[in-house]
Amino acid sequence: MAEHSDRETSGALTRGERAGMLWRSLFLQSVWNQRGMQNVGFCFAMLPLLHRCGEDKDERSAFLQRHLGFFNTNPTLASYVLGAAAAQEAAGADAASVISVKKGLASPLGMAGDALLWGALRPFAGAVAVLLALGGIVWAPLVLLVIYNVPHLVLKTRGIGVGAAAGPTGAAELLGPGLRAAVRWTRALAAFAVGLILARVVAAGGAVEPWRVLAVVLFFALAYAAARARVPGTLVAFGGAVGGVVLLLAGLNGG
Amino acid sequence: MSEIQMIVILSLLGGALSVDATAALQVMLSQPLVAGSIAGAIVGEPVLGLVVGSTLQLVWIGVLPVGAAPFPDGAVAGSVGVGVAAVLAGSGVSEGLAVAAGMMSGLIGGAVGQRVTSRVRRLNVRYSAIAESRAEQGDARGVRAAVALGLVTRFVTASLLVAALLSASLLLRFLGSFTVEGIFPTALWAAPVAAATIAVGGRDRRESWFLAAGFAAGLVLVVLL
């Protein structure tokens, strides 16, 4: 494998390269597979830098192959890894250094991003939107999109710049106690919203009717027992819906 | 809109929104509430779309699509669920029964979509191999081709799945022969809300207190307002 002596190493990433990487990062998981996971998507996102290898086939091959290696992290925070890896490439770092940066950041950012975005922000956005939907607000789905996507897109956009400027240490802004607090409080607010939804279901119609409370308690107990027995949530909900239909067809009406 | 037209449009919608789940963007268009609402607006039943989408959103509120973990396909679920509910509602079936059937169809669609996703991911290994093979020659076109193939595969498989499930659901029209009055929303909502409560509020003491506070506040608001 040829050394990277012919590679353009002007240092800073251009605005066009950063914009190209940001756009392509939206397709990071387009070819998610069990073997390389996000490997193809990561390489695709790095393609704006391929021109720095010139026409040297060995340079281009080495560049492509080191970015087609196994990679997996949270798709939003992957932008930090992309920025850091791109900065390494732009500075002419050797293959081992580039791969080391990728591997070093993937795991911690994966855990942080999954906890924040999938584990906290998405449930919160979903719960708030459902609460609004229950109130008959037809633009409730827009609320979900806004609540989730503002932080999501800010982090995604910021990540490339921070990663490129500060390298591996740039991700430190996401890995401290501030993130853990954000996750805890967002999940707490999501739980509060779900509590409101529960009350809305129990007290639908403006009054807390005994039969409605009984129905909720009964179904809730069954669902909770099933969940504790690790029955998949989809099956639990399906069972609840079947139960509801049976009651409906048996003539137990409600409003 | 004829039923054939509805099936075609919702299939294309389900396929397009399913791409958002992992293959591209990931801006939550594939969430059941969003997908269901869009589907509902398209078929002229926006409220039905909101209700069916909301139940499915709650059921899967705690799903973590991390790493290789499987996850239900919310876009397929929303498209199928709303399509089924709309067909039944248009056949004279009571609203409650239509919502229940929509929710159950959506659950089935999401679960089957999950299996299809696993198959697609296995196919993606071949696309990755194409990219790697071309990369050895210094040719980036293999990477671009793999990405395009991944996106198209995702769209086509999800669209076909929605079309198949919606077509099968037309058989449910026999339910229109039941003349049932009224709805029983509490039973239908209890299970999804229970699932959501366990996922968000049942695993941590702080979350449990917030859940209880939300419940108490909600009861007060509903009774007073």
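The following paragraphs describe the helices, the nonpolar core and selected residues of a predicted model with chains A and B.

Chain A contains nine helices and zero strands, and its order along the sequence reads α-α-α-α-α-α-α-α-α. Of its 255 residues, 53% count as buried. Among the contacts in chain A with a separation of 6 or more, 75% come from residues 24 or more positions apart. In chain B there are eight helices and zero strands, arranged along the sequence as α-α-α-α-α-α-α-α. Buried residues account for 60% of the 225 residues of chain B. For contacts in chain B with a separation of 6 or more, the share from residues 24 or more positions apart is 73%.

The largest nonpolar core comprises 149 residues, and A:Ala127 and B:Ala85 have the most contacts inside it. Helix 5 of chain A (residues 95–134) supplies the largest share of this core, namely 20 residues. When residues up to four places away in sequence are left out, B:Ala85 touches B:Leu48, B:Val52, B:Ala98, B:Val99, B:Ala101 and B:Gly102. B:Ala85 also appears in the contact between helix 3 and helix 4 of chain B, which is described next.

Two packed helices are described by the angle between their axes and the distance between the axes. In chain B, helix 3 (residues 46–59) and helix 4 (residues 74–90) pack at an angle of about 135°, with their axes 9 Å apart. Helix 3 of chain B is therefore oblique to helix 4 of chain B. The crossing of helix 3 of chain B with helix 4 of chain B is right-handed. From helix 3 of chain B, the contact involves B:Leu48, B:Gly49, B:Val52, B:Gly53 and B:Leu56. From helix 4 of chain B, the contact involves B:Gly74, B:Ala77, B:Gly78, B:Gly81, B:Val82, B:Ala85, B:Ala86 and B:Ala89. Sorted by class, the residues in the contact of these two helices are eight nonpolar, five polar and no charged.

A further helix pair joins the two chains. Helix 2 of chain A (residues 39–46) packs with helix 6 of chain B (residues 141–169) at an angle of about 125°, and their axes are 10 Å apart. With this angle, helix 2 of chain A and helix 6 of chain B are therefore oblique to each other. Helix 2 of chain A passes helix 6 of chain B in a crossing that is left-handed. On the chain A side, A:Val40, A:Cys43 and A:Phe44 of helix 2 meet B:Val143, B:Ala146 and B:Val147 of helix 6 of chain B. The residues of this contact are six nonpolar, no polar and no charged.

Helix 3 of chain A (residues 57–67) is largely enclosed by the rest of the structure, because eight of its 11 residues are buried. The buried residues in helix 3 of chain A are A:Glu59, A:Arg60, A:Ser61, A:Ala62, A:Phe63, A:Leu64, A:Arg66 and A:His67. These residues pack against helix 2 and helix 5 of chain A, and also against helix 5 (95–135) and helix 6 of chain B. The surroundings of helix 3 of chain A thus include helices of chain A and of chain B.

Two methionine residues have positive phi values. A:Met37 is located in the loop between helix 1 (15–25) and helix 2 of chain A. The phi angle of A:Met37 is near 55°, a positive value in a residue other than glycine. A:Met37 counts as buried because it has 23 C-beta neighbours inside 10 Å, where 20 or more are required. In chain B, B:Met28 is located in the loop between helix 1 (3–19) and helix 2 (32–42). B:Met28 is not a glycine, although its phi is positive, at about 75°. B:Met28 has 26 C-beta neighbours inside 10 Å and therefore counts as buried.

A:Arg158 is placed in helix 6 of chain A (residues 140–166). With 16 C-beta neighbours inside 10 Å, A:Arg158 counts as partly exposed. A:Arg158 and A:Gly36 are 122 residues apart along the chain, and their C-alpha atoms are separated by 26 Å.

Terms used
Residues numbered from 1 in each chain as written. Chains lettered and ligands numbered in written order. Predicted model: local features only at pLDDT ≥ 70, side-chain atom pairs only at ≥ 80, totals over all residues. Axes fitted to C-alpha atoms, helices over the stretch in contact; angles between N-to-C directions. Helix = DSSP H or I, 4+ residues; strand = E, 2+ residues; numbered from the N terminus. Parallel < 35°, antiparallel > 145°, perpendicular 65-115°, else oblique. Left-handed = near helix turned anticlockwise from the far one by under 90°. Contact = placed C-beta atoms within 7 Å. Nonpolar A, V, L, I, M, F, W, Y, C, P; charged D, E, K, R; others polar. Buried ≥ 20, exposed ≤ 12 C-beta atoms within 10 Å, placed from the backbone. Core = buried A, V, L, I, M, F, W, Y, C linked by C-beta atoms within 7 Å.
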